[in-house]
Amino acid sequence: MSEPEEDFAAMFEASRKAKHVERGQTIEGTIVAIGAEVAFVNIGGKGEALIEIAELKNDEGVLEVAVGDRIQAVVMSTEGGLTLSRRLARGAATNKQLEDAFHSRLPVEGKIERDVKGGYEVRIGGQRAFCPFSQIDTVRTSDPSQHVGRVYEFRIIEYKEGGRNLVVSRRALLEEAQRASAAEVRQSIVAGAVLTGRVVSVRDFGAFVDLGGGVQGLLHVSEMGWSRVSDASQIVQPGEEITVKVLRVDEDKQKISLGLKQLTADPWSRVEATYQIGHVRPGRVTRITEFGAFVELEAGIEGLAHASTFAPTGRRDGWSASVTPGMTGTFEILSIDVDKKRIGVALVPEGSARAGGSQPAQTEIVAGARLTGKVERHEKFGVFVFLAPGRTGLIPLSETGVAREADVSKTFPVGADVEVVVLDVEDPPGHRIRLSAKAVLDAHEAEEVREYTERADAPPAEGFGSLADKLRGALGPREK
């Protein structure tokens, strides 16, 4: 036997003793010898493998490689040595190789040429194959054309009519890879970790995100943004890659909670520096509830205009007629609780000086002040009067100026304007404000008496007590 023949014999024997590799595995190696029908490929510590010369020629039959070149190929067989196929990896497989790949469940390379009814037409070597839409990926995409022109690895799941009828699946290979890496991926999913994932599906309550290896977490709609998100699809789309933060991991229930808004600063962190009680700011009404209107002051900052901050109208829930979802307006800051993330606001009437953005001081509610308010409600012990947003005073029955047997509700109907004098204000400021309507009547009487006595043609005084009684009777409510 000649020396070259002895070298080939030794290489062939070495290929039979190659270390174990899995069928279907893609490996790289260096061509160490080229014979008439086969070439030997050194694949490192795994030994040497055989590949047919035909696999190394181009379409014109010209050999494309030389000794020393590195190639990539797929392991076709491990029985009696390693046999490689380069054409499967390059998408130029023969019918026999495709049939072997089908029976052996080996991956083949193919190019998606176009989308057709129900799926894609895939070119694998000289053969056409069909890949259903459901088998192109682990998630359904909204735009099928995004896969056209791409080269992927597929598994042949149907082989009929001698290879003329092929059905392939990319999803099967992706799911296998996911299962293999799932355990490793789970080790990196811990609370506080920032990871990149792919949106699998979008629902009303949020989106499921694949973090790798088929491991999915839920990005709830409430965690998508600091502003209220009503439609998750406006934030993320299926197939989109996003970066999320792991909020919680429940190993027992295999649930992973994710957040998107946590990757940006919480707008409440600067509320103390930018908001002050008494200031006015523009806002947008986001929703109406039975107890008030929620107002977005900026992205992530909502205030509540409580029903009690609206002037009484005399109708049940009449306040809600002055606000509608989506409307914009000017709102006064009434209270701030940073710890509870609450801001109380009140709608500033359109056309007022404050609505224009000026910041004049509120009408001062102090003892002796004479104010005009609106009747808010009646109680057995008196009448409540709306003076300003968040400022309500009480007219005790004894200060209404109405006789005990009279109907107070007729003299002071809900929603009507009433002029009052502030009797006293207890701490904290604005709380327990006592008012008097009788004091206004008394002031009117005193003014009438003064004007009368100052008239040049006034008759001799017949007794101020008698005149005052007459005036009080004229100004007071008349009984029917």
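This report describes a barrel of strands, one buried serine, some salt bridges and some aromatic pairs in a predicted model.

## The barrel

Five strands make up a closed barrel, in the order S1-S2-S3-S5-S4, and their pairing is mixed. On average, neighbouring strands of this sheet are turned by 55 degrees against each other, with direction ignored.

Two pairings that involve strand S5 show what mixed pairing looks like here. Strand S3, which covers residues 48-52, pairs with strand S5, residues 82-85, in the parallel sense over 3 bridges. Within this pairing, Leu-50 stands opposite Thr-83, and Ala-49 has Leu-82 as its bridge partner. Strand S4, residues 70-77, pairs with S5 in the antiparallel sense, also over 3 bridges. Here Ser-77 is the residue that stands opposite Thr-83. Thr-83 in S5 therefore has a residue opposite it in each of two pairings, Leu-50 and Ser-77, where strands pair by way of bridges.

S4 and S5 form a hairpin, with 4 residues between the two strands. One residue in the turn, Gly-80, has a positive phi of about 70 degrees.

## A buried serine

Ser-436 is located in strand S25, which spans residues 431-436. Is this residue buried or exposed? Ser-436 counts as buried because its relative accessibility is 0%, and the cut-off for buried is under 20%.

The side chain of Ser-436 makes a polar contact of 2.6 Å with the side chain of Glu-399. A polar atom of the Ser-436 side chain also lies 3.4 Å from the backbone nitrogen of Lys-438. When neighbours within four places in sequence are left aside, Ser-436 is in contact with Ile-395, Glu-399, Val-420, Val-421 and Leu-423. Glu-399 thus appears both in this list of contacts and in the polar contact with Ser-436, where a polar contact is a pair of N or O atoms within 3.5 Å.

## Salt bridges

How many salt bridges does the structure hold? There are 21 salt bridges. Three of them are set out below.

| Residues | N to O distance | Relative accessibility |
|---|---|---|
| Arg-105 and Glu-176 | 3.8 Å | Glu-176: 32% |
| Lys-160 and Glu-158 | 3.6 Å | Lys-160: 43%; Glu-158: 32% |
| Glu-296 and Arg-284 | 3.0 Å | Glu-296: 19%; Arg-284: 35% |

The side chains of Arg-105 and Glu-176 meet in a salt bridge. This pair links distant parts of the chain, with the two positions 71 residues apart: Arg-105 is in the loop between helix H3 (95-104) and strand S6 (107-116), and Glu-176 is in helix H4 (residues 171-188). Glu-176 counts as partly exposed. The two residues also belong to a network of salt bridges that includes Arg-155.

In the salt bridge between Lys-160 and Glu-158, Lys-160 is partly exposed and Glu-158 is partly exposed as well.

Glu-296 and Arg-284 form another salt bridge. These two residues are 12 residues apart and link distant parts of the chain, with Glu-296 in strand S17 (residues 292-298) and Arg-284 in strand S16 (residues 280-289). Glu-296 counts as buried at 19% relative accessibility, because the cut-off is under 20%. Arg-284, at 35%, is partly exposed.

## Aromatic pairs and an exposed serine

The structure holds 7 aromatic pairs. One of them joins Phe-205 and Phe-208, with 6.1 Å from centre to centre and 85 degrees between the planes, and this pair is edge-to-face. Phe-205 counts as partly exposed at 36% relative accessibility, and Phe-208 is partly exposed with a relative accessible area of 22%.

Why is the pair of Phe-291 and Phe-294 called edge-to-face? The ring centres of Phe-291 and Phe-294 are 6.1 Å apart and the planes stand at 85 degrees, and planes over 60 degrees apart count as edge-to-face. Phe-291 counts as partly exposed at 36% relative accessibility, whereas Phe-294 counts as buried at 16%.

Ser-230 lies in the loop between strand S13 (216-220) and strand S14 (241-250). Ser-230 counts as exposed because its relative accessibility is 72%, and the cut-off for exposed is over 50%. Ser-230 and Phe-205 are 25 residues apart along the chain, and their C-alpha atoms are separated by 9.1 Å.

Definitions and conventions:
Residues numbered from 1 in each chain as written. Predicted model: local features only at pLDDT ≥ 70, side-chain atom pairs only at ≥ 80, totals over all residues. Heavy atoms only, no water. Axes fitted to C-alpha atoms, helices over the stretch in contact; angles between N-to-C directions. Buried < 20%, exposed > 50% of the residue type's maximum accessible area, 1.4 Å probe, protein only. Polar contact = N/O pair within 3.5 Å; in protein donor to acceptor, adjacent residues only side chain to side chain. Contact = heavy atoms within 4.5 Å. Salt bridge = Lys/Arg side-chain N within 4 Å of Asp/Glu carboxyl O. Phe/Tyr/Trp six-rings, centres within 6.5 Å; stacked < 30°, edge-to-face > 60°.
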